[in-house]
Each structure stands twice: as C-alpha cells, then as structure tokens.
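Got your viewer open? Let's take a walk along the places where protein meets DNA, one selection at a time.

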Number of protein chains: 2
Amino acid sequence: MKYLTLSLKPTDRAFHPIDQYLTTQEHITRETLLHLDIRFNETYLLLYHLTGSRSAIETAITTNENVLNHEIVSVDGNDVYAYVHLDAANTEGHLVELAYDHGLIIDTPITFDADGMNVTLVGNTTRLGTVLQSVPEELTVSVQHAGRYDPGTNDLLTSLTDRQREVFETAVEAGYYDVPRRVTHQDIAGKLDCAPSTVDEHLRKAESAVVPHLF
Amino acid sequence: MKYLTLSLKPTDRAFHPIDQYLTTQEHITRETLLHLDIRFNETYLLLYHLTGSRSAIETAITTNENVLNHEIVSVDGNDVYAYVHLDAANTEGHLVELAYDHGLIIDTPITFDADGMNVTLVGNTTRLGTVLQSVPEELTVSVQHAGRYDPGTNDLLTSLTDRQREVFETAVEAGYYDVPRRVTHQDIAGKLDCAPSTVDEHLRKAESAVVPHLF
DNA sequence: CACAGATCATGAAATATCTCACGCTCTCAC
DNA sequence: GTGAGAGCGTGAGATATTTCATGATCTGTG
C-alpha cells in the first residue's frame, strides 16, 4: 500500500464547490478538513476546522445552495468547527470524484495553507499513477511525499531505537507509568535481564524523544 | 460538536458482515480499521490493519461473497494491510448504517480488542442520543468516553487538567525532558511558584495519562 | 580488514524523587 | 446551606533515580 501526499494549487478547482467557495471568503481561513464522508444518497458530510468570525462562517455556509444541513460550533475565539451536509451535485472532475472513481482512499485530515491544499491519497501504485494522469490541466499538482503507507507505526515512536521501544513498552505494561508506580527500574530490569540503570537510560531517552512532541 | 466513544460487545453484529466474518477466523486478529469510506454506488472501501498469516487473510477475504476487489500488503512479519472493496448489501441495521442514517461521522481508526470494538462517533448531542436509542438489542454498547470533540487539540493532552497541562508544558519547555535533564522539580516549582512535590505530582499524573496511550 | 560512530551495558556515589497523610478550595447537586 | 467529590498544595522520610566514566558491541563504509 503506497501513499502520495499531493500539494494542489491554485485551488480554483478545490476538492468540492463549497471548498472552492470558502477560499473566496476574505475573513475565513480553512485550517483542516477533519472528515470527508460520503453517503449513499449522493451527499457529502464534511467536518471543517475553520478560523474566522462565526457569523461570517455561518453566512458563507448558509449562502451556498448545495448545503442541506449544517451546524457550527465555536471552540475558542476564532476557532470554529463546521459540520456541513452537502448535496454532491456538480462535482464532476473534482478531486474527490477522481480519487473515489479510482478506488483511492483520501486520508483525512486534509490541511490547507496559503498556497493551496495538501491531500494524502492511499492506494496501490497503479491506481495512484492513473489518478495523477487524470488530474485536470487547470490544477497544478506537485507530489510532496510518497512512500509506503504505514499509519500503524505510531509516528511518535518511530524515532526510538528498537531497544528503547522495547524497554519503554515493557515499562508501560508493567505499570511503571501508573500512579503510584507499580514497578521500579529494578523490576523492569529483571524482566529484560539487564541493569536498572540501563532501563533508566532507555526510558529517559524515550521520554525525551516523545514528550516534547506532544506539544 | 460532541463525540462518544463506544465499546461494542459482543461483535456478533459487527459494523459490517465482512467484519463479523473476520472475527470468526481463528488465525486472524483485527487490529484497527484505518479507513471506512463509502462510494455512491453502494460499495464500501475498507482499509484494515490485521495480524495473521497472509495466506489465511487472503483466503478469508476472497471467500467472502461481498468482496468486489481487494489487495493485501504485508508489512513486517504478521502485520498486514488489507484494502477491501465491498458490496454494501445486507448491511441493514449494522452500525455503519445506523451512524450514517443519523448524520454521524465515524471517526477512524476503529480499534479492536478481545472484547469487541471501540468506535468514536461524532455529531451533535441530539443525533448521538438518537443513535444510541436505535442500537439493536443484541448489541451490548457501553459508552467509554464522551465529551467535546476537539481533534485540533492533541488528543493525548485533553484528558489532563489545566493545571497538569500547565506544569507539564512548563517542564518540557524548561528542558526537564532533555537528556541529561536541564532542570529539576525545584527549578520548575520556582517558575510556577509552588512546591517541588506539587510539580512532581502533576508530572507523574500527566505522564501516566499520556504515555500508555502511545502504544 | 579496520575505522568511526552509534548504541548498549555496567556500577558507585550524589542526590533528586516518590509516597503518603493531611488539609484546603472549588463545584455541583440536593 | 451542606455534603460529596475532584482537584490542588505541602512537608518529611524512605528510597529509587540520575549522572558519569568506562568499556563492550554492533553497523556501515572505504
């Protein structure tokens, strides 16, 4: 299973008309599209994370004729979640149709930046190649990343060495991170048949590799 | 926007017939369902992460009459990704239909464990309530987590209290998680104007809330 | 092969951490 | 108001951790 992360610009043909429409709104910024689900009845269910004034967003969405149903939830300040249920009319040739026609999975979240949007498509090499060739000419596409799709390996843990991960996982399972701790370094060292200070070193390095990335 | 994480057991009514079928296979373990996409033509596109022998998985999937197309990719050892394109026939009353009929978003990945499956549904309170009431009697459902859906804020940190997060973040920024540590509890306590043991307590609780979820 | 660099392992001394018991302050519900 | 529960804060003593220096082992490269 391969993946391709594509950067699309400009977004005059966005993945869907309402998305294109949102780009034209001065005071709304698309942050991410968290979900993009399709219903049998030819409708889309979108969950956006947007920033902008709630009223501007409300207006933008209700103005759009394809919107069947929507809901807007403010989070903090200008952060807004917009749940939008859409008629899927007039989407021929748009990215979402292209991907789905070729049996590709669109990996949410889709992120947006000043230049356009970044979408990860998942599927086998043949399908990915075909969809790339089918991209309409008006749409500038550049491939940002490509490789084996491997979401199973937790991103944060991939930077650890095998040994670090082994020690870390053993510690977690043994209850070292419970409150209060259920085991000591020595107990873990016993399980792993090594010195307590070895356990410590691996755990310290594992924590230092992982924890700062949580923020 | 609210979310509910449900634990479903037993899985005799799984989210889809092929999912139910996989549970009956001795030598296949469902790890997660990474994607669950629907096509207009009443088909599903699933991307599973499974463990088991590749041949057993191949057999299980090809044997199923609803499978239109599939692809299996080995990763390491027994880890396998299975891309399955399915006819959506016979799914009345199954979870995926229930959720979608009520305009709820199913938040992948869906995880599986010995007891059943864990699914997070996203939508407003009314919709979530309605779908809970519509759950068939044969299906045991327990609500594991509920709250405001807020994927923008890192999931792992949402379970912390404000104070825990504040202390945790201060510690990270001060270099407490560097190797070697650049500050002690006391230094952090100085910045936060509290006792060192208070810092410790918050950090311990924060770690215990976060670290086990990395695996 | 032989070298460099990274990772892994160890023990001892210095010291930072952890547990626990106690009490305070909120908030929520009755 | 008042009681229950959750979160926050503190100090002291027991004890687990951390650092550091040293060396072994592994891995890739010319």
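Which residues come nearest to DNA strand D? Keep in mind that this is a predicted model, then select A:Asp200, A:Arg204, B:Arg163, B:Arg181 and B:Ala195, the nearest of the 15 residues around that strand. Color strand D by sugar, phosphate and base: sugar and phosphate make up 84% of its atoms that come within 4 Å of the protein.

Now zoom in on some phosphate oxygens of strand D. One is 3.0 Å from a side-chain N or O atom of B:Thr161. At B:Arg181, look at the backbone instead, where an N or O atom sits 2.8 Å from a phosphate oxygen. Then click B:His202, with a side-chain N or O atom 3.2 Å from a phosphate oxygen of strand D. Next, show helix 8 (196–210) in chain A and in chain B, the elements that give two or more residues to this surface. Helix 8 of chain B gives the most, with four residues. By type, the surface near strand D has four nonpolar, six polar and five charged residues.

Swing over to DNA strand C. Here 14 residues surround the strand, with A:Arg163, A:Arg181, A:Ala195, B:Asp200 and B:Arg204 the closest. Pick A:Ala195 and find its backbone N or O atom 2.5 Å from a phosphate oxygen. B:Arg204 puts a polar side-chain atom 2.3 Å from a phosphate oxygen. For a base contact, select A:Ser197: a polar side-chain atom lies 3.3 Å from a base nitrogen of strand C.

Last stop: helix 8 of chain A, which supplies the largest share of the surface near strand C, three residues.

Definitions and conventions. Residues are numbered from 1 along each chain as its sequence is written. Chains are lettered from A and ligands numbered from 1 in the order in which they are written. This is a predicted model: local features need pLDDT of at least 70, side-chain atom pairs count only at pLDDT 80 or more; totals for chains, interfaces and linings use all residues. Side-chain values use heavy atoms; hydrogens and water are left out. A residue is near a molecule or strand if one of its heavy atoms lies within 4 Å of it. A polar contact is a pair of N or O atoms within 3.5 Å; within protein, one must be able to donate a hydrogen and the other to accept it, and residues adjacent in sequence count only if both atoms are side-chain atoms. Ala, Val, Leu, Ile, Met, Phe, Trp, Tyr, Cys and Pro count as nonpolar, Asp, Glu, Lys and Arg as charged, and the others, Gly among them, as polar.
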